[in-house]
Amino acid sequence: MEPGEAYAEIRRQVRARYRLEDYHFPQAGLVQLDRNLAELWAAEGAGLWTAVIALAGRMAEGVLKATLVERGMEPSTVGGLELGRLIKTAAQRGILPPDTMSLSGRGVAHHARRLRNWGAHFSLHAGADELTATQSLATLVSFTEALQRRPTSLKYGKVPVLDVDWLGEHWHTVKARVLVTVLAKLGRAERAALLAEPAPLYRHIVTLGSLRTIAELVILVRKAGLPLEPLRSAIRDDFHSILLGCAWSSTKGAVKLANAVRGIGLTGYGQVLNVMHPADAESVIELLSRRNSHFAARYLTGIATANAALFRSVTEEIARSPKVREKFVGALWSGANGRVRFVGNRLVLLQRFPFALRRAAIAAAPPGLLDDWMRVGMPVRVLQIGLIRYAELNGDASDGARAERRRLLLLCQGRVADAQLFDLRNVPFVLHRIGVQAGSHFGRSVFRFLFEKAALRTFPGRRDQHAALRMLFDVAQVAPDLASSVAAEVRGFLEETVGPESEWDLAEACGLLHLLGEEDIEPAFHPLATGAGDDLAAWLEVATPHEAALAVLGCVRVLAVPVADIPAPVLARARALQSFEGPSVPLELSAVLTAEMAAVSADSTATQVPVEEDPTGELAEVAAELSGFSEPEAEAVTAYLD
């Protein structure tokens, strides 16, 4: 099911099943709530998403006021309170629990207030959309249920120990949690017999189970290799019951279920569940203090992907106040206890936060542990963290600061020296994109030892040979002072390498030398001499559009190979360069390469080849490595580098 279809189905269920008469509201308040609800459905039917968000938030405020009046407060007193004060009053009176890390009540209330504000103050919101409108309705359902949870009259029977015959007749009298536990203990044949017609049993669990119980059912069905469609149908058909469950299930259960439903293809439903987590500065700080890094990463990633504007507002709330920022940093590193892996996990979490927060957090990290992590962490991340630590000391001319900068450079150099070339292949470009200038002291040092790493001509494997050529291409662009050294290294590679196992790498090297303005290029082994064969298939597994374009350029401009003789898969990969906004596109060599490929593609044979989109996943990979600097924060890095 497409996400848009899921959002429409969720709204349809809310519209059909959210009934004010199911709750206890005073008659006077019920009239106004009915009127507001009618306006809400009119806006939803017309696709007026901003109005839906505003009216859902207004409904949340209305049901809270009506509940407080029903519990004994004077209408005149309630009417004068804004939503934040109403929430505090409800917590003080025991209507809402005060625990922000529980989905029961207060956490949902924070979302109701935030979504209401987005609808009422359009300038605070980047633009209301169907997903956010659906999330606002889901929040309204859960918030109302949290205020006035309806009692259940169901009576559950006891389960005889793994009696499948008894369960086959009486499963509908068993608690959902117990039923999932029993299903997990049954053997394959017994479970298959009980689930011969699984739809009613799944519906029972989805309707009455906690979010964690439903998540455990999803995981069980996947692990057991059982058909998924009956379970998907049960979740889709009764998602409204899951929204009711958000009012009283644990945060951990909500996170677990959101991940589980996405795992069975119900992405749209997972997006709605992810926004049900408490999301404010207090909740994030408590999350970091109380939960392990894996859970915290899933929690924060869920919010960020489900509603980027919501997550951004939370991070801005943390960054705005020095006191809150200090609490955030303290919570981030609490529980390190000398564990290097803990530091790495927390640094991954930091990628979701604004650059100023990352700077403050990295400056406050346990220095010994941070150094230990820099010796073993992912090279591109190590260099990013090293850059931030180095830049913090940049304006300090003291001997101690100079010594610390040298020490940080040595840490970075040591990590590069120990890393596999394949793990370094995107590093020159990533450093360039995050603002490292080749003329700065940090840039000169880092690009020099990246070049020296790639300039080793004894490669342990084919994959590293690809990586070396890729690194040399970007080093020549981002550090022009090293271009002549790159040309000499590539020429030596061409002169010394023989054998058909590297024919397409040689063609790529020829193209790179051509771009660097070199002449009299004579490889020891002529590419394409033995045709395509297995070598081409192996090369295409890792060749990016840039590498393919270099190979095509080498064939056409250096080796005089007609375009018609170049295999179609190579041309298809190379032509993807024209729509590829990844490595080095704004730089001179890539601009020339793009223009050259456009000229080659003008050939009638080449233009018939379809263009691939991100064939090796390079776009996604580079985007991930740049995620810590995804906003226009590279300027901030550049500004305080020498």
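Which residue meets the side chain of Arg470 in a salt bridge? In this predicted model, the partner is Asp474, with an N to O distance of 3.2 Å. Both residues belong to helix α28 (residues 462-478), where they stand 4 residues apart, about one turn of the helix. Arg470 has a relative accessible area of 4% and is buried; Asp474, at 0% relative accessibility, is buried too.

Salt bridges that share partners also join Arg11, Arg15, Glu44 and Glu130 into one network. Within that group, the side chains of Glu44 and Arg15 meet at 2.9 Å, N to O. Glu44 is in helix α2 (residues 27-45) and Arg15 in helix α1 (residues 3-17), so this salt bridge ties together parts that are 29 residues apart in sequence. The two partners can be described separately: Glu44 is buried, with a relative accessible area of 11%, whereas Arg15 is partly exposed, with a relative accessible area of 40%.

A further salt bridge links Arg236 with Glu229, whose closest N and O atoms are 2.6 Å apart. Arg236 is buried, since its relative accessible area of 14% falls under the 20% cut-off. Glu229 counts as partly exposed, with a relative accessibility of 37%.

The distances of these pairs are set out below.

| Salt bridge | N to O distance |
|---|---|
| Arg470 and Asp474 | 3.2 Å |
| Glu44 and Arg15 | 2.9 Å |
| Arg236 and Glu229 | 2.6 Å |

The pairs described here are among the 21 salt bridges found by a search of the whole structure.

Note on methods
Residues numbered from 1 in each chain as written. Predicted model: local features only at pLDDT ≥ 70, side-chain atom pairs only at ≥ 80, totals over all residues. Heavy atoms only, no water. Salt bridge = Lys/Arg side-chain N within 4 Å of Asp/Glu carboxyl O. Helix = DSSP H or I, 4+ residues; strand = E, 2+ residues; numbered from the N terminus. Buried < 20%, exposed > 50% of the residue type's maximum accessible area, 1.4 Å probe, protein only.
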